[in-house]
Amino acid sequence: MDPSLLRLEPWTDADLALLRLINTPEMRKHVGGPETEEQVLHRHRRYLDFVPSGIGCMYRIVLAEDGTAVGSVGYAERTWQGEAVYEMGWNVLTPYQGRGIAAAATTAAVAALARLARLPHLHAFPAIDNPASNAVCRKAGFTLLGETDFEFPPGRFTRSNDWRVTLADRPA
Ligand SMILES: CC(C)(COP(=O)(O)OP(=O)(O)OC[C@H]1O[C@@H](n2cnc3c(N)ncnc32)[C@H](O)[C@@H]1OP(=O)(O)O)[C@@H](O)C(=O)NCCC(=O)NCCS
């Protein structure tokens with residue numbers, strides 16, 4: 001997909017509606033299933049707080065043509081194997097999948113992060129049986145480090161791939 005057909009816009013209060021559209025059994029098949037209303041509201045508040053607290057940024061992915069919100073992509077700081085890193089995640093609503101939207105939006109989000117990153121590394125941890133998400137990593141320039149048992153949601157370990165971008169190596 002031509003990246004100019006998409007825009008990344010910072011998360012706002014109005015994006016709770018988008019989060020609810022993402023919270024379906026199909027969309028959340030690889031990330032522990034749908035969340036409760038309380039968990040969705042908590043996630044929404046966390047996304048709103050990423051920028052003010054300086055730990056990350058969540059975006060809604062918007063079609064440039066008509067402003068339709070079709071998904072989300074974003075990152076936040078976390079500790080991984082003793083190192084402070086960024087972790088990125090993405091969602092594209094089912095009717096819009098398979099058009100290259102996630103790959104283009106993730107490539108743009110990585111480039112935006114590379115311009116302002118304080119930390120050297122960005123990771124993503126798709127489940128090994130999530131081929132679309134692993135393909136997004138590959139297309140957005142992540143390097144596969146190997147498999148790991150990734151804890152998400154808390155208390156539940158999923159066999160996942162550890163993909164990484166060294167941000168200093170990315171063109172500004
Ligand atoms: C993962 C997700 C964001 C991909 O969105 P998308 O916009 O359909 O992805 P793209 O169209 O950019 O496709 C990226 C690549 O994935 C491949 N792909 C897409 N669906 C696939 C599938 N079911 N099996 C194998 N490959 C697939 C595409 O072929 C493409 O690679 P290619 O260009 O080399 O052919 C979307 O499926 C989704 O939101 N899933 C539910 C949420 C989720 O799992 N998020 C990730 C959590 S780690």
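Q: In this predicted model, what share of the contacts with a separation of 6 or more comes from residues 24 or more positions apart?
A: The model is predicted, and two residues count as in contact if their C-beta atoms lie within 7 Å. Take the contacts with a separation of 6 or more, then keep those between residues 24 or more positions apart; their share is 61%.

Q: What radius of gyration does the chain have, and why does it agree with a compact globule?
A: The C-alpha atoms fill a box of roughly 40 × 40 × 35 Å along the principal axes. A compact globule of 172 residues would have a radius of gyration near 16 Å, so the chain agrees with its value of 15 Å.

Q: In what pattern do the helices and strands follow one another along the sequence?
A: There are 4 helices and 7 strands to place. Reading along the sequence gives the pattern β-α-α-β-β-β-α-β-α-β-β.

Q: What percentage of the residues in the chain is buried?
A: A residue counts as buried if 20 or more other C-beta atoms lie within 10 Å of its own. Out of 172 residues, the buried ones make up 28%.

Q: Which element gives the most residues to the largest nonpolar core?
A: This core has 33 residues, and Y59, I61, I101, A105, A109 and L122 touch the most other members. The elements that give two or more residues include β2 (56–63), α3 (101–116) and β5 (121–124). With 8 residues, the element that gives the most is α3.

Q: Which residues does Y59 touch, leaving out those up to four places away in sequence?
A: Y59 is one of the core members that touch the most others. With residues up to four places away set aside, its contacts include S72, V73 and G74. The full set is L8, E9, P10, W11, S72, V73, G74 and A109.

Q: Which residue is the bridge partner of V73 in β4?
A: Let's look at the strand pair first. β3 and β4 run antiparallel and are joined by 10 bridges. Their hairpin has 2 residues between the strands, and Q81 takes a positive phi near 50° there. Within β4, the partner of V73 is W90.

Q: Is the crossover from β4 to β5 right-handed or left-handed?
A: β4 and β5 pair in the parallel sense over 2 bridges, and E87 has H123 in β5 as its bridge partner. Between these strands the chain passes through α3, making a β-α-β crossover that is right-handed.

Notes. Residues numbered from 1 in each chain as written. Predicted model: local features only at pLDDT ≥ 70, side-chain atom pairs only at ≥ 80, totals over all residues. Core = buried A, V, L, I, M, F, W, Y, C linked by C-beta atoms within 7 Å. Buried ≥ 20, exposed ≤ 12 C-beta atoms within 10 Å, placed from the backbone. Rg over C-alpha atoms; globule rule 2.2 N^0.38 Å. Pairing = 2+ DSSP bridges. Right-handed = clockwise from strand over helix to strand, strands pointing away.
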